[in-house]
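I opened this entry to look up a handful of residues and ring pairs one at a time. The notes follow the order in which I looked.

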Amino acid sequence: MMNRAIITGATGSIGIALIGELLARQTEVLVLCREGSARNRNIPHHPLITIKYCSLDELTLLENDTGKCYDVWFHFAWEGTMGETRNDMYLQHRNVKYTLDAVTAAERFGCGTFIGAGSQAEYGRVEGALNSATPPFPENGYGIGKLCAGQMSRILCEQKGMKHIWTRILSVYGPYDNQNTMIMSAIGKLLRGEVPAFTKCEQKWDYLYSKDAARAFVDLAERGRDGKVYCIGSGKALPLSDYIIRLRDAICPGAELGIGQIPYGPRQVMYLCADITELEEDTGFHPVYTFEEGIRDTIEWYKEYYYEKNQCTDTLL
């Protein structure tokens, strides 16, 4: 049973959903976050939540002064996840070190399990569903860094006698996600009456709602197997155009969509789907939210979070 958990990178979509899932299971949560970050206001106020300020480069100095032992360390924090920073090799190299620093800090807090958040970018472009047996061949610094962090942290956990689980997350959407993602950008533009621009949207992707992703992480903490890699997704891939049309219809049915206005990138991933067989067999996890349910909740959150007096602020809080 998990009584206490630690989370880094808790202010994003999966992190906030994970906090909610842990609270629902009466788990005490220690959130590690960078002091002064505007996103810290995303963290809910709750008697079971404690906030401790610690940036990634301060993990080596982090001491357990709580007087408590924790069970699981969830490591989501990572710098350089979007745009050109994905190929900032020195930055991605530092992220690998920060992951190892997190393992060492987890040991000081008494954690018996370390769960890291990797990415589908570790695979590169692959035909077929992704699972732990799919050979990784990352094509950017971000994917290379995640792959290295997963492999090195596994060995370090082994040396320290800690259980290690690495995840490779596909496309997760939901409240508190980055405004620059395809889903969030489209929601914002449609709510403002603008025409969002897309590629031809022929690629098939696997989308998972953040609350389902959070349940997957808790299930892995409780029943995941040491040393394994699990892909986090819905297990189903649909044409991107299907998701976009469903999103549009949840906001303004019939609104114009700029499908085909943007060319594919030189390394466009055309198929992205998780094989969640091992996740289901080892933990009993099954997605419970349909895309329509998840996107409806996300749209309602967006309206509340970004609108004041029915005027879109369009500013990340």
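I began with the surroundings of T99. In this predicted model, setting aside residues up to four places away in sequence, I find T99 touching H75, W78, F114, A149, S153 and W166. T99 belongs to helix α2, residues 89–108. Its relative accessible area is 0%, so I note T99 as buried. I also looked for a partner of its side chain and found that the T99 side chain reaches the backbone oxygen of N95 at 3.0 Å. As a reminder to myself, an α-helix has 3.6 residues a turn, so residues three or four places apart point the same way.

Next I turned to Q120. I located Q120 in the loop between β5 (113–119) and α3 (141–160). Is Q120 buried or exposed? I entered Q120 as buried, because its relative accessible area is 18% and the cut-off is under 20%. Neighbours within four places in sequence left aside, the contacts of Q120 are L130, R168, I169, L170 and L272. One of these, R168, came up again when I checked charges over rings. The charged end of R168 sits over the ring of Y123, at 4.9 Å from the ring centre.

D57 was my next loop residue. D57 is placed in the loop between β3 (49–53) and β4 (72–75). Its relative accessibility is 52%, so D57 counts as exposed. The D57 side chain makes a polar contact of 2.5 Å with the side chain of S55. I also took the distance from D57 to G150: their C-alpha atoms are separated by 19 Å, and the two residues are 93 apart along the chain.

Then I went through the aromatic rings. How many aromatic pairs does the structure hold? I have 19 aromatic pairs on the list. For Y173 and Y209, the ring centres are 5.5 Å apart and the planes stand at 40°, so I class the pair as tilted. Y173 is in strand β7 (residues 171–173) and Y209 in strand β9 (residues 207–209), so this pair ties together parts 36 residues apart in sequence. I find Y173 buried, with a relative accessible area of 2%. Y209 is buried as well, with a relative accessible area of 2%.

The second pair I looked up was Y176 and Y305. Their ring centres lie 5.5 Å apart with the planes at 75°, so the pair is edge-to-face. This pair links distant parts of the chain, 129 residues apart: Y176 is in the loop between β7 and α4 (182–191), and Y305 in helix α8 (residues 291–306). With 15% relative accessibility, Y305 counts as buried. I also traced a cluster in which ring pairs link Y173, W205, Y207, Y209, Y243, Y289 and F291.

Helix α4 got its own entry. I noted the buried residues in α4 as I183, M184, A186, I187, G188 and L190. What do the buried residues of α4 pack against? I find them packed against β7, β9, α6 (240–251) and α8. Just after α4, G193 takes a positive phi of about 80°.

That led me to phi elsewhere. Most residues other than glycine have a negative phi. C201, which is not a glycine, has a positive phi near 60°. I located C201 in the loop between α4 and β8 (204–205), and at 2% relative accessibility C201 counts as buried. Q26 is another non-glycine with a positive phi, about 60°. Q26 is found in the loop between α1 (13–24) and β2 (28–33). Its relative accessible area is 60%, so I note Q26 as exposed.

I finished with the overall numbers. I have 8 helices and 13 strands in the protein. For 317 residues, a compact globule would have a radius of gyration near 20 Å, and I note that the protein, at 19 Å, agrees. Along the principal axes, the C-alpha atoms fill a box of roughly 55 × 45 × 40 Å. Of the 317 residues, 53% count as buried. Among contacts in the protein with a separation of 6 or more, 76% are between residues 24 or more positions apart. I put the accessible surface at about 14600 Å², with 49% of it belonging to carbon and sulfur atoms.

Terms used. Residues are numbered from 1 along each chain as its sequence is written. This is a predicted model: local features need pLDDT of at least 70, side-chain atom pairs count only at pLDDT 80 or more; totals for chains, interfaces and linings use all residues. Side-chain values use heavy atoms; hydrogens and water are left out. Rings of Phe, Tyr and Trp (its six-membered ring) pair if their centres lie within 6.5 Å; planes under 30 degrees apart count as stacked, over 60 as edge-to-face and the rest as tilted. Helices (H or I, at least four residues) and strands (E, at least two) are DSSP runs, numbered from the N terminus. Buried means under 20% relative accessible area, exposed over 50%, partly exposed in between (1.4 Å probe, protein chains only). A charge sits over a ring if NZ of Lys or CZ of Arg is within 6 Å of the ring centre and within 35 degrees of the ring normal. The radius of gyration is taken over C-alpha atoms; the globule rule is 2.2 Å times the number of residues to the power 0.38. Contact means heavy atoms within 4.5 Å. Accessible areas come from the Shrake-Rupley method with a 1.4 Å probe; for residues, only the protein chains shown count as cover. A polar contact is a pair of N or O atoms within 3.5 Å; within protein, one must be able to donate a hydrogen and the other to accept it, and residues adjacent in sequence count only if both atoms are side-chain atoms.
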